[in-house]
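This report describes one protein model, taking its charged pairs, its surface patches and its unusual backbone angles in turn.

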Amino acid sequence: MQKITKEVYLKWYEDMLFWRKFEDKLAAVYIQQKVRGFLHLYNGQEAVLAGALHAMDLTKDKMITAYRNHVQPIGMGVDPKRVMAELYGKATGTSQGLGGSMHIFSKEHRFYGGHGIVGGQIPLGAGIAFGDKYHDSDAVTICCFGDGAARQGSLHETFNLAMLWNLPVVFVCENNGYAMGTSVERTANHTDIWKLGLGYEMPSGPVDGMNPVKVAEAFDEAIQRARKGGGPSFLEVKTYRYRGHSMSDAQHYRTKDEVEEYKKIDPITQVKDILLDKKYATEDEIKEIDKRVKSRVSECEKFAEESPYPEKNVMYDAVYEQEDYPFIPHKL
């Protein structure tokens, strides 16, 4: 893993702040009904992505995740303007506006979604890793899911096969405490989700998901193990989301005091404090970064606002049709 230098902390601060403000902007335009459907925001979980990206080799490694998926492709290299345009349903979006909030995708940048089915991406992540092993690639797949998806049977089937076939995949449970509105304590008789991997003799462990340094170290160990042929790992990254499960979540299951308590260990604030304490940046330089981030978010909004909607025929062109399908008569 690359050394965590002044430049890394500066990048982390700017990246995480941009992701946070990007999501804040989406929340604002959602209320204005410019973005429709569901909207699941990443606020509070930024250290997970920042640390993971630092440990990954973005020239070959891959990532797949659930529907809280707007900022991950940006971190992987996708133009954030195109991500915002996708949420607006515009033709300039990552999927020409046809995917929307839960289905951001970029083959070019090796980001494979964005999946609306809870836990649906877990076997797919192992499948991507199977492809890399089959083709003798040393690429590693990062397969992320939430604590709710950890209760899906597909996780166990996938863990079994991933270990059996020694696949180069890192399974990551982003445990933000609540599966929609149900706390981890109410979904099982155990709260250490990482221990599920031990039943398959998979290297597993908990990670402080509010600290990008801790995340980077844990991901680096798991990625290097996979790259060297050591097979899969399972990380339970303990994080927290400040916003609801989605924009329609009234959050009756937790108190405002609980949210404020977690904000005391906000990953962005932690990195900012390090920048100032170590004199990596001055207050004025921090303000300059903040200003730059605000400007970039405005550019994304402007791009999405001004982009055209896709032509109607695009919707039909994206639907598979077999003209000689034998069981449906074409002429009555």
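K62 has a relative accessibility of 11%, so this residue counts as buried. The value belongs to a predicted model, as do the others in this report.

**Salt bridges**

K62 has a charged partner: its side chain meets that of D132 in a salt bridge, with 2.9 Å from N to O. D132 sits in helix α5 and K62 in strand β1, so the pair ties together parts that are 70 residues apart in sequence. D132 is also classed as buried, because its relative accessibility is 8%.

How many salt bridges does the structure hold? The count is 17. One of them links E305 and K34, whose side chains meet at 2.8 Å, N to O. Here E305 belongs to helix α10 and K34 to the loop between α1 (6-31) and α2 (46-55), so this bridge ties together parts that are 271 residues apart in sequence. E305 is partly exposed, at 33% relative accessibility. K34 is partly exposed too, with a relative accessible area of 29%.

Another salt bridge joins R227 and D61, and their closest N and O atoms are 2.8 Å apart. R227 lies in helix α7 (residues 212-227), while D61 is in the loop between α2 and β1 (62-64), so the pair ties together parts that are 166 residues apart in sequence. Are these two residues buried or exposed? Both R227 and D61 are buried.

The table lists these three pairs.

| Salt bridge | N to O distance | Citation |
|---|---|---|
| E305 and K34 | 2.8 Å | |
| R227 and D61 | 2.8 Å | |
| D132 and K62 | 2.9 Å | |

**Surface patches**

Which residues form the nonpolar patch on the surface? They are F130, Y134, L161, L164 and W165, and together they have about 550 Å² of accessible area. Helices α5 (121-134) and α6 (153-164) each supply at least two residues of this patch. W165 is located in the loop between α6 and β3 (169-175). Its relative accessible area is 39%, so W165 is partly exposed.

A second patch carries negative charge and is made of E283, D284, E285 and E288. Of these residues, E283 is found in helix α10, which covers residues 283-306. E283 counts as partly exposed because its relative accessibility is 44%.

**Backbone angles**

Most residues other than glycine have a negative phi, and most peptide bonds are trans. The residues below depart from that pattern in the model.

The peptide bond between G113 and G114 is cis, with omega about 25°. G114 is placed in the loop between α4 (80-87) and α5. R110 is also in the loop between α4 and α5. Its phi is near 60°, a positive value in a residue other than glycine. At 19% relative accessibility, R110 counts as buried, because buried means under 20%.

Q251 is not a glycine either, yet it has a positive phi of about 60°. This residue lies in the loop between β7 (233-238) and α8. Q251 is partly exposed, with 24% relative accessibility.

**A distance across the model**

Helix α8 (residues 256-263) contains E260. E260 has a relative accessible area of 44% and is partly exposed. Its C-alpha atom is separated by 44 Å from that of M315, and the two residues are 55 residues apart along the chain.

Notes: Residues are numbered from 1 along each chain as its sequence is written. This is a predicted model: local features need pLDDT of at least 70, side-chain atom pairs count only at pLDDT 80 or more; totals for chains, interfaces and linings use all residues. Side-chain values use heavy atoms; hydrogens and water are left out. Patches are made of residues with over 30% relative accessible area and no salt bridge: like charges are joined within 9 Å, nonpolar side chains (Val, Leu, Ile, Met, Phe, Trp, Tyr) within 5 Å. Accessible areas come from the Shrake-Rupley method with a 1.4 Å probe; for residues, only the protein chains shown count as cover. A salt bridge is a side-chain nitrogen of Lys or Arg within 4 Å of a carboxyl oxygen of Asp or Glu. Helices (H or I, at least four residues) and strands (E, at least two) are DSSP runs, numbered from the N terminus. Buried means under 20% relative accessible area, exposed over 50%, partly exposed in between (1.4 Å probe, protein chains only). Lys and Arg count as positive and Asp and Glu as negative; His and the chain ends are not counted. The place of a charge is taken as NZ of Lys, CZ of Arg, CG of Asp or CD of Glu.
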